[in-house]
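The following exercises concern the enclosed and open spaces of a protein chain, together with one charged side chain. Each task is followed by a solution in steps.

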Amino acid sequence: MSLFKARDWWSAVLGEGEEFDQGCLCVGDVDNSGTGHDKVVVGSYMGMLRMFSPHASKSSEDVQADAQLLEVQLQHAIIQVELGKFVSCSDLLHLAVLHPRKVSVYSVSGTAGNVEHGDQYQLKLLYEHNLQRTACCMTHGAFGGVSGHHSLCVQSMDGMLMFFEQESYSFGRFLPGFLLPGPLVYNPRTDSFLTVSSARQLESYKYETLAVATEAERQEQDFSVGSGGKRLTPDWAFVLGEPALDVCVPSFSHSSSFIFVLGERNLYCLRDNGQIHFMKKLEFNPSCFLPYASVRDGTTNLLLCNHTNMLLVYQDVTLKWAAQLPFAPVATRLANFPQLKGVVTSLSSDGHLLCSYMGTDPSFFCTPKVDAREADYEQVEAEMKKLQKSIREATRTQDLLPKSSTDEDLTVKVAVSSSMDDPSQALIPDIDGLPVPSVTVFIVLQNSRVLHHTFLSIYICPFKFYALAQAALTHVVSAALNSLKFSAFLNGRYLPADLRGDITVSYNSPTELNPAGVPKVLQSTFHLPLALVCVSSAPAKTTKFKITLDTNQAPVQLSSIFPEFSIKSEDKDGNSLAFQFLPGTKVTLLASKTSQRYRVQSDSFEDMWLVVRELLQRFDQHFSKLGVKDFKKSFSGPLPLQEYFLSVDHHFQLRVKAKRYQDLLSEQAVQFRAIQRRLLTRFKDKTPAPLQNLDTLLDATYNQVMSLADAAEENQAQLEEAFVHLRGSTQLLVLLLALAHGLTPEQTAILEATLLPLLQDTPQLGWEESCDAAVSHLLRTCLSRSPRDQATSLAQAGGQVLGLPRDTQRLKRHISLLCERIAKGGRLTLASEA
């Protein structure tokens, strides 16, 4: 037992599975016994109201039942309980209970018992007010300086303050600029209400200002010009900069004039006029607090509880005592009981009620003596060397994540069939007379232990491929070999930008400390064959776009590089090959007989990307099998920037058109709703008036809205196709830049991430503005003219607002400048950001 531990004087566990919060605890002489001894009143979210009179007991049996005076099940959840003089013509204390849609006032009375069971207590409903709005919290006090009785103020979830003067409803006011409810407390010294708004500032409203402000039935009428009241504004406000957990105005002495606010990271003490008195930065996460009287003049003591189960006692900003609690309290109060005064009463969120005091009672527990034994120095030295070796390895690697063990929990193997499916599983049987093939992909999951909640998702290039099996499969894997397969095929009228597929498997791996399992993710990629989207055809003699690639090895026959296409090719020499894509475009591949050059030509610039990438990959595989280690490939021609900018302009024009359709739809929708309101007004009128062609105008507007919606939907489909083409053109440009200037794989990855920052367009963010921002950043940093310009641009760089540009001239100029600086030897690196 620790010396600094709260001494358990009395405790109880309330119910099972019930929930409690900050306002569910109240202490006071609720039965008006006149002895000066307090009772503890607790309400739960399950609607259970309990009252206790704690007392010390030698035996722990039946302690709760002996101290419990009352237990009543109410119909609704209990949000808050308060004690006050809430009944007119009576100076007795009564209990106010706040429900979500009702506030009730009860009287608690006790009848002396004649038997050993003790006194009997009864709860009697005096009156209640039904609320039109869902309540959040309440406060009470002598509003307006009236003495002898207390009034209630209830704050609703939508920011309305409802005032009740005993049995009658007074008025209601909406707080200005309200978003989320905060703590609410009444300051009797200034007759004002304090609350923390969603702007994270403490605001003070005088009762007189609230009384004469605008009467509002709805929140949007709060500041209406035509109403007779005044606009509601706070008397003063203090910016906290963080959400507040609680606000308290202690009134234990006439000289005290402080307001205490508990934030998530700070404790504030303010004067009644809103000026800061002191602020204490907290190094823990607080849960609740309670100011109380100090024995030293000019200071205030505070009980502060946190989520590490600690009860801290502060005198202003000085920590005076710390005690350990068995739970993290959500509410704490000070109470006086017959045997002990100043008892700290705490309540947890799950119903643990504790009455404790702070002291230094010694602990009589003694650690048992262990048998002395001589140390085995050889064993200690061997253990020390082992630990030092582990420390050196950990320091040398400095991995953020622990290394995976040699025996993996799960391995994923993906295999793509070498032949097309027969028959084809494609949903579209043919495109322009060409049959659509399909290919089967096999996935094998092999695990060494039982895994839970395994989820497998298959992602193939968006828009254009479809899995015959489900794209996402939920599968619980046992300790065995699991396999599944699916078919992939072209499912549209245009080519995808990539033939790569991704497989992601998420699962929970159970451990000794966590039987439910630690979540892990495993990823694997695969590539679909080029034959899935094209067939062999006759070479085209005249085309619009041409690209020439150079190698340092002797020319290779294309029939040996593409054996599956050379079978159906009409060229017997193997120096030319044509790929007829299913959507209709054709790409021709020519090999020089004398030089080491290869030409790719087509009428579609973006469609050459798939053939160029496939050609380079097959070259690498071919020369690697031959044992050639110094194989190099390059591109010496001019960069096709003008051809690339055609795809950029086409995509941008469709985005502008989509924005225009959106604006027109908004205008027509506003007009359509206005006509509907006019017609409804005419139909509700007791004396019908002529429609004045409003029905004709409504039909015409409806037809315009539908035609605009159809046009916008068609434009959206074209925009998706244009973005896929733009991705293909961008990847081709990145590849040519890497070949022309010998970029490393790391530099190529940076360039691709710069020119392709998005995988798809969104209504809020498009490719043009994202790419322009990324290219501009490279031009200001690693590709700047001098180190001085780079340092200046990094120091002055500000976050620009990304939006649809007016045109693409700036973007095209920046891309041209990027290619020019890379050609002059600029290095793509992210080291300047460090």
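For sorting lining residues by class, Ala, Val, Leu, Ile, Met, Phe, Trp, Tyr, Cys and Pro count as nonpolar, Asp, Glu, Lys and Arg as charged, and the others, Gly among them, as polar. The model examined here is predicted.

**Exercise 1.** Determine which residues line the second largest cavity, and assign them to classes.

*Solution.*
1. The volume of the second largest cavity is about 50 Å³.
2. Its lining consists of L495, P496, A497, E606, D607, L610, V724, H725 and G728.
3. Sorted by class, this lining comprises five nonpolar, two polar and two charged residues.
4. Helix α8 supplies the largest share of the lining, three residues.

**Exercise 2.** State how many cavities of 30 Å³ or more there are, and describe the largest cavity.

*Solution.*
1. The count is two cavities of 30 Å³ or more.
2. The largest cavity holds about 60 Å³ of space.
3. It is lined by 13 residues, of which L175, F178, S197, S198 and E203 are the closest to its centre.
4. The classes in this lining are six nonpolar, six polar and one charged.

**Exercise 3.** Identify the elements that contribute two or more residues to the lining of the second largest pocket, and name the one that gives the most.

*Solution.*
1. The second largest pocket contains about 870 Å³ of space.
2. Its lining has 30 residues, and those closest to the centre are W609, R613, L735, T748 and E752.
3. Two or more lining residues come from each of β36 (500-509), α6 (608-625), α8 (694-741) and α9 (745-755).
4. With six residues, α8 gives the most.
5. The lining divides into 15 nonpolar, six polar and nine charged residues.

**Exercise 4.** Establish why R821 has no salt bridge.

*Solution.*
1. R821 belongs to helix α12, which spans residues 809-823.
2. R821 is buried, and the nearest side chain of opposite charge, that of E820, is 6.8 Å away.
3. A salt bridge requires a side-chain nitrogen of Lys or Arg within 4 Å of a carboxyl oxygen of Asp or Glu; R821 therefore has none, with E820 at 6.8 Å.
4. Leaving aside residues up to four places away in sequence, R821 touches L779, L783, S784, R785 and G826.

**Exercise 5.** Summarise the protein chain by secondary structure, burial and contacts.

*Solution.*
1. The chain has twelve helices and 43 strands.
2. Of its 834 residues, 44% are buried.
3. Among contacts with a separation of 6 or more, 59% join residues 24 or more positions apart.

Terms used. Residues numbered from 1 in each chain as written. Predicted model: local features only at pLDDT ≥ 70, side-chain atom pairs only at ≥ 80, totals over all residues. Heavy atoms only, no water. Helix = DSSP H or I, 4+ residues; strand = E, 2+ residues; numbered from the N terminus. Buried < 20%, exposed > 50% of the residue type's maximum accessible area, 1.4 Å probe, protein only. Lys, Arg positive; Asp, Glu negative; His and termini not counted. Contact = heavy atoms within 4.5 Å. 1 Å grid on protein atoms, 1.4 Å probe; cavity = no way out; pocket = protein on both sides within 12 Å on 5 of 7 lines; lining within 4 Å. Points joined across faces, edges and corners; volume = space filled by probe spheres on them.
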